[in-house]
Amino acid sequence: MPIHQRVVVERGTRSGFPIVVAVHSTALGQAVGGCRMAVYRDWRAGLDDALRLSTAMTSKAALAGLPHGGGAAVVVLPRGAFGNTAGGLTADGSMAWGPTGGMAEGVAGGPMDGMAEGVAGGPMDGMAGGLAGGVAVDRRAVLHDVGDVVRNLGGVFSIGPDVGTGPADMRVIGERTDHVLGRAGDSGPAAAAGVVAAIQAVVADRFGSPSLSGRTFAVLGVGRVGVHLVDLLSAAGGKVLAADVDGARRTVVESLGATWTDPRTCLTADVDVLVPAALGGVLTAATVPTLRCAAVAGPANAQLDEPATADLLHERGILWAPDVVAGSGGIIHAVATELHRETPPRVAARVAGIGDTLTRILDAARETSSTPAAAASRLAGFLIGEPVASTMAAC
Ligand SMILES: NC(=O)c1ccc[n+]([C@@H]2O[C@H](COP(=O)([O-])OP(=O)(O)OC[C@H]3O[C@@H](n4cnc5c(N)ncnc54)[C@H](O)[C@@H]3O)[C@@H](O)[C@H]2O)c1
């Protein structure tokens, strides 16, 4: 992957918090990516996260066939900060994957998608500030600061929701810049539809048929995407086990005909497909030996703690669907709908196309005796290096 095209680190003029926007590539078009608002050790850790997220987004957009590059925004909040508590601190910030393969509990106590130490606030509709440990967060001021940074980039980057932000936050950012995605609503259903397409490809590769009927799944994380996955997989005739650190999610899981369990049991369940739908960093040298699934395919970003973990999965014979492919339904939906005004059937076809893309990657991996991660990386590099003719109507 080439070095970043542009990286901005600024102190928000209203909030005083460091704001990082990393534009990795615009080789295929305007960069798109999420806004992560989280607690970090310091601004350098936030910068590292933005660099990592934006690089992955370049691959995600290219592999999704979008005429866009990758970017990311990070708001670096200090320890003890939190925003509006309406909707609560998201559990993304309250659990960390433990070093022994278990889950270590604790706020801001460990890796979250690799870098962030905790989510401050979370996607929410209210905008009032909060106070914790003496650090007041005026969420509206922070979001306006983010909007100004994005606006000053002159349109090379469009920002959308990520961990710690949601559609309501995008509407506030939109008061300062037009380059905003995801103001209208929840991307969870589209993200879940894309994951199901990926799971069908994985199941076809493993078992010779894409049918999900009678297959077994363990869905880890029953949030905005996970709940739709439980629903879709159950409706398709799958036998679904699901877990979340938030015990309140049990009711919806059981109402959808799935079986509730605890996160550790879910992670190590003897199932056809493990579906990570919570945090990143779930696949590590410690957790991979404990897995009893045939394949892993889910939306969680940055599932591998480090690239070499893909080799561990391969050695164990566990098929891994790269998250930059399996988790691309949300961005495909947002970009195709909001930036390119495509019709709902066309957008749905794009999302379903994730299955074909993954099949191509799995075939390439087999033919080259490499991991799906390596095959996806090669394909992304090829796509980004080529002056690909856009398959989408211009904005
Ligand atoms: N929302 C989207 O459109 C979208 C698109 C692509 C990828 N993703 C990724 O998919 C994942 C889920 O996204 P989401 O929007 O559903 O997030 P969410 O915050 O709505 O849901 C995450 C759920 O995971 C649970 N959780 C947190 N830590 C856990 C743990 N250790 N064990 C079990 N459960 C745990 C939380 O309680 C929460 O219910 C994230 O990694 C996100 O980055 C989301």
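Two residues are taken to be in contact here if their C-beta atoms, placed from the backbone, lie within 7 Å. With that in hand, here are some notes on this predicted model.

1. **Ser234 and its surroundings.** A good place to start is Ser234, which lies in helix H5. Leaving aside neighbours within four places in sequence, Ser234 is in contact with Val240, Leu256, Gly257 and Ala258. Ser234 has 20 other C-beta atoms within 10 Å and is therefore buried, the cut-off for that label being 20 or more. Ser213 sits 21 residues away along the chain, and its C-alpha atom is 8.7 Å from that of Ser234.

2. **Helix H4 against helix H5.** H5 (residues 226–235) packs on H4 with the two axes 8 Å apart and an angle of about 45 degrees between them. That angle makes the pair oblique, because it falls outside the ranges for roughly parallel, roughly perpendicular and roughly antiparallel. The crossing of H4 and H5 is right-handed. On the H4 side the contact is made by Gly188, Pro189, Ala192, Val195 and Val196, and on the H5 side by His228, Leu229 and Leu232.

3. **The parallel sheet.** Six strands come together in an open sheet, in the order S13-S12-S11-S14-S15-S16, and their pairing is parallel. Which strands stand at the edges? They are S13 (259–260) and S16 (319–320); each has a single partner strand, so one side of each is left without a neighbour in the sheet. S16 is joined to S15 (residues 295–296) by 2 bridges, the two strands running parallel. Within that pair, Ala295 stands opposite Leu319 of S16.

4. **H4 over the sheet.** H4 also links the second point to the third. This helix (residues 188–207) lies across S14 (273–276), S15 and S16. Its direction is at about 155 degrees to that of S14.

5. **Strand S2 and its partners.** Moving towards the start of the chain, S2 (residues 18–23) has a partner in S1 (residues 6–11), the two being antiparallel over 6 bridges. Arg6 has Val23 of S2 as its bridge partner. The hairpin of S1 and S2 has 6 residues between the strands, and there Gly16 takes a positive phi near 80 degrees. S2 is also antiparallel to S4 (residues 69–77), with 5 bridges between them. In this pairing Ile19 is opposite Val75 of S4.

6. **Burial of S2.** Is S2 mostly covered or mostly open? It is mostly covered, with 6 of its 6 residues buried. In a regular strand, side chains alternate between the two faces of the sheet. Here Pro18, Val20 and Ala22 belong to one side, Ile19, Val21 and Val23 to the other, and both faces are covered.

7. **Helix H1.** H1 (residues 43–63) has 21 residues and reaches 30 Å from its first C-alpha to its last, close to the 30 Å expected at 1.5 Å a residue. How many of its residues are buried? The count is 15 of the 21, so H1 is largely enclosed by the rest of the structure. After the helix comes Gly65, with a positive phi near 75 degrees.

8. **Helix H2.** The 14 residues of H2 (residues 139–152) should span 20 Å at 1.5 Å a residue, and the end C-alpha atoms are indeed 20 Å apart. Its buried residues include Val142, Leu143, Val146, Val149 and Val150, as well as Arg139 and Asp145. Gly147 of H2 is buried too. H2 is followed by Gly154, where phi is positive, near 75 degrees.

9. **Two residues to look at by eye.** Most residues other than glycine have a negative phi. Ala302 has a positive phi, near 55 degrees, and is placed in the loop between S15 and helix H8 (309–315). With 22 other C-beta atoms within 10 Å, Ala302 is buried. Arg341 also has a positive phi, near 50 degrees, and is found in the loop between helix H10 (329–339) and helix H11 (344–352). Arg341 counts as exposed, because it has 12 C-beta neighbours inside 10 Å.

Methods
Residues numbered from 1 in each chain as written. Predicted model: local features only at pLDDT ≥ 70, side-chain atom pairs only at ≥ 80, totals over all residues. Pairing = 2+ DSSP bridges. Helix = DSSP H or I, 4+ residues; strand = E, 2+ residues; numbered from the N terminus. Axes fitted to C-alpha atoms, helices over the stretch in contact; angles between N-to-C directions. Expected span 1.5 Å × (residues − 1). Parallel < 35°, antiparallel > 145°, perpendicular 65-115°, else oblique. Left-handed = near helix turned anticlockwise from the far one by under 90°.
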